[in-house]
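Colleague: Thanks for making time for this. Could we go through the model together, with you telling me how each label was reached?

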Amino acid sequence: MNEVMSRRTFLKHAGVGAAVCAAGGLAVQPALASEGTSSANAWGVLVDLTRCNGCDSCALACKQANQRPEEDQIPNQLSSDSYSFVDRRVYVGDAGQEQQMPVKRQCMHCLHPACVSACTVGALTKTPDGPVVYDSSKCIGCRYCQYACPFGVPTYDWANPLGLIHKCQFCISRLDEGEQPACVAGCPTGALRFGTRNDLLAQAHSQIDSNPGRYIDQIYGESELGGTSVLYLSGVPFAAMGLPTLDSQSPSRYAEAVMRKTPVIGLTVAALASGAYWLTKRREFLAQPEVVPQEVNHDR
Amino acid sequence: MTVEVPLRQKQQTTSAVPVLDRRMVAALLAITVVIGAVAGILRLVLGLGATTNLSDSYSWGIWIGFDFGLIALAGAGFTMAAVGHVLRRHEYHAAVRPAILAGLAAYVAVLLLLVLDLGRPDRFYNFMLFWNPHSPLFEVSWCILLYTGVLVLETSPFFLERLRWRWAGKVIRIVAFIMLPVAILGVTLSTLHQSTLGTLYLNMPYRLHALWYTPLLPLMFFTSAVMAGLSMGAIAYWVAGRVVHKPVQPRVIFGLARIAAVVGLFYLALKLGEVIIAGDIGLALAPTHYAALWWFELLVCVALPAALILLPGKTLQRTGIGLALIIFGVLMNRFDATMFAQILPPGASYSPSLIEWLSTAGILAAAALAWILGVRFLPIFETGEADHHATTE
Ligand code: SF4
Ligand code: SF4
Ligand code: SF4
């Protein structure tokens with residue numbers, strides 16, 4: 001309910017924002033810095049929730065590939081020990097029938113990642129190939145990325161006195177060696193598919209078209225937040241699967257529009273302050289320099 | 001009538017706060033500082049997980065809340081520097097020094113709180129090495145660092161004037177010579193990071209409740225920082241008078257409070273207008289804790305103080321209550337944005353740990369104690385007649 005509410009009002013705020021930006025000359029340009037340079041061949045993963053049987057193989061393969069402790073223990077949330085997990089959702093159909101739904105979760109590798117835009121030191125970056133990667137040597141542990149990410153993906157290693165952020169990095173080192181991400185390789189049912197995002201989108205659309213009734217007519221991640229590298233197909237509404245209802249625009253667009261104006265704002269303030277000083281000085285000079293000028297109205 | 005008020009005020013001051021009490025206050029603060037230092041060291045050694053109740057679903061707690069709140073209140077430094085050095089409003093001259101000293105004390109506290117909260121405090125300097133100019137927190141970090149430097153320069157005459165060394169006078173003249181550009185730099189840096197703290201929340205459209213989330217957040221944060229800064233400026237001047245047992249000029253407090261209240265009315269219109277235009281007034285009328293907090297911020301902490309300060313028949317006491325409410329409200333606004341107005345992931349909960357409380361109390365007490373000692377032993381409080389024009393122009 002909150003998700004729905006905040007989305008609805010967010011859209012309305014967008015109107016105010018656009019007006020403000022126009023008035024202040026803050027052009028909200030589509031080219032955001034957090035966009036990176038996503039190429040046409042950027043990678044993606046298609047998660048077909050209708051094929052997932054909830055075996056948790058992917059989550060365990062993920063742990064192993066990332067050398068997380070307790071390799072055999074099935075995770076039930078994202079944490080610094082598990083960069084992926086299979087969420088369990090109960091879907092209540094129209095006739096009241098309950099359906100157990102496993103939903104694999106991990107970083108969505110957004111096309112406009114808010115975490116990248118927010119990170120104080122640029123430890124998070126979007127690579128042209130799609131993965132949103134993390135340079136642990138830069139991170140100061142401010143945890144702003146945790147608040148910026150709409151999916152609650154970055155996790156902090158709380159147990160470590162010098163803890164760092166942990167998140168799925170799309171198995172970037174495996175991709176560099178020409179392999180699939182570990183979770184995809186570990187999936188026995190074909191619910192996870194790896195490929196270029198463009199190919200996967202095309203396949204997903206034709207799957208929806210050629211299997212009437214099997215899927216709802218939406219690919220989650222096609223337009224959410226301006227697009228994500230991980231895409232989902234489902235037979236039931238995504239909101240019921242714990243995938244939040246989101247805008248089709250970058251969540252960082254206002255922040256970046258304002259941040260880009262930093263030099264202009266700074267120079268304007270400095271100029272205004274200098275001008276104000278010059279004016280008061282001049283007024284004092286004109287009103288006889290020895291006498292402290294008597295200000296009207298403000299002191300009583 | 002305005003002549004009688006300060007006299008009565010002075011009598012109250014001397015009878016209500018005898019010397020022994022002041023020593024006890026100082027001793028209590030010092031004890032709080034020591035306990036807080038122990039708590040802080042424990043946190044640094046043992047880590048966030050062992051010493052705080054923070055978690056992945058509630059990752060920022062009272063350290064960040066007080067941090068962002070304190071930055072707004074420390075707006076006393078730049079607003080009063082603007083009033084005194086840039087706009088040269090001589091009638092408020094007496095209130096400039098207490099405010100700028102409070103600014104320095106608060107910003108040092110801000111830096112300490114930030115270091116406590118960082119997951120990698122050993123790398124606090126990384127924002128200087130690795131740049132992400134799109135990150136609001138990157139800009140805020142730089143501005144806080146640079147502005148603390150500005151505050152050191154702005155407060156340096158207070159220390160230099162105490163020194164009886166021969167070269168002190170020369171240095172004072174040099175500082176006085178560069179004071180104007182330094183003050184303008186301080187106003188610029190403050191405008192930037194006070195507003196950018198609002199921009200910080202623009203990256204969280206799905207986390208911050210719609211009554212608070214608006215693209216106007218940077219403007220709102222700046223406006224409320226000016227309002228809180230002027231109020232703190234008035235209060236700092238008032239308390240400084242008590243610390244040194246000297247009468248304050250009521251017109252300084254009334255005047256600053258008046259400007260703060262007018263800024264507050266603008267802020268009120270901005271907040272209310274934005275929610276109405278965005279069509280969110282329904283959210284403000286819904287029976288949620290969000291709506292209650294939002295109205296409390298606006299009615300009790302902006303509208304009511306504005307009335308207390310601006311309506312005819314004002315007294316120092318009434319004005320003081322108004323100023324305190326404004327300060328509390330802005331502090332609360334920062335806490336709301338950081339904690340209470342966040343739409344939390346399911347199952348998220350947080351109540352600060354003892355170490356979080358003690359370390360926070362220690363840092364706040366240290367700032368208060370440093371400020372009180374500064375006011376007591378440095379040439380901070382001026383009665384207004386003998387202006388140190390040579391050093392403050
Ligand atoms: S899902 Fe979150 S962590 Fe992953 S890229 Fe998007 S914003 Fe960043
Ligand atoms: S916690 Fe690390 S990765 Fe996250 S925003 Fe801060 S510096 Fe960047
Ligand atoms: S891509 Fe790699 S790190 Fe990410 S969820 Fe899959 S296995 Fe885990």
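Colleague: What stands opposite A:Leu46 in strand 9 of chain A?

Modeller: A:Leu231 does, and I should say right away that this is a predicted model. Strand 1 (residues 43–48) of chain A runs parallel to strand 9 of chain A, with four bridges between them.

Colleague: What makes strand 1 and strand 9 of chain A a pair?

Modeller: Pairing requires at least two bridges found by DSSP. Strand 1 and strand 9 of chain A have four bridges, so they count as paired.

Colleague: Which sheet do they belong to, and why are strand 8 and strand 9 of chain A said to stand at the edges?

Modeller: The sheet is an open one in chain A, with three strands in the order 8-1-9 and mixed pairing. Strand 8 (192–196) and strand 9 (230–233) of chain A each have a single partner strand, so each keeps one side without a neighbour in the sheet. From one strand to the next, the twist averages 25°.

Colleague: What packs on that sheet?

Modeller: Helix 7 (residues 197–210) of chain A does, touching strand 1, strand 8 and strand 9 of chain A. Its direction makes about 130° with that of strand 8 of chain A. Angles from 65 to 115 degrees would be roughly perpendicular and those over 145 roughly antiparallel, so about 130° counts as oblique.

Colleague: How do you know that strand 2 and strand 3 of chain A are paired?

Modeller: Eight bridges join strand 2 (residues 85–92) and strand 3 (residues 98–105) of chain A in the antiparallel sense. The cut-off is at least two bridges, so they qualify. As an example, A:Asp87 has A:Val103 in strand 3 as its bridge partner. The two strands form a hairpin with five residues between them, and A:Gly96 in the turn has a positive phi of about 90°.

Colleague: Over in chain B, why is helix 5 called roughly perpendicular to helix 10?

Modeller: The axes of helix 5 (residues 75–86) and helix 10 (residues 217–243) of chain B cross at roughly 80° and come within 7 Å. Roughly perpendicular covers 65 to 115 degrees, so helix 5 of chain B fits that name. The contact has nine nonpolar, four polar and no charged residues. Among the residues that meet are B:Phe78 and B:Met80 in helix 5 and B:Phe222 and B:Leu230 in helix 10.

Colleague: What makes a residue part of the shell around ligand 2?

Modeller: One of its heavy atoms must lie within 4 Å of the ligand. The residues around ligand 2 include A:Cys119, A:Cys139, A:Cys142 and A:Cys145, along with A:Tyr134 and A:Arg143. By class, nine are nonpolar, one is polar and one is charged. Cys counts as nonpolar and Gly as polar, so A:Gly141 is the polar one.

Colleague: And how many residues surround ligand 1?

Modeller: Ligand 1 has 14 around it, the closest being A:Cys107, A:Met108, A:Cys110, A:Cys115 and A:Cys149. That shell divides into twelve nonpolar, one polar and one charged.

Colleague: Where does pLDDT stay under 50 in chain A?

Modeller: Residues 1–12 of chain A are one such stretch, with 22 contacts beyond four places in sequence. Residues 17–33 of chain A are also below 50. Where pLDDT is low, the predicted coordinates should not be read in detail. Chain A as a whole averages a pLDDT of 87, and chain B has a mean of 92. The model scores ipTM 0.91 and pTM 0.90.

Conventions
Residues are numbered from 1 along each chain as its sequence is written. Chains are lettered from A and ligands numbered from 1 in the order in which they are written. This is a predicted model: local features need pLDDT of at least 70, side-chain atom pairs count only at pLDDT 80 or more; totals for chains, interfaces and linings use all residues. Side-chain values use heavy atoms; hydrogens and water are left out. pLDDT is the predictor's confidence in each residue, from 0 to 100. Axes are lines fitted to C-alpha atoms, for helices over the stretch in contact, and angles run from 0 to 180 degrees between N-to-C directions. Angles under 35 degrees count as roughly parallel, over 145 as roughly antiparallel, 65 to 115 as roughly perpendicular and the rest as oblique. Contact means heavy atoms within 4.5 Å.
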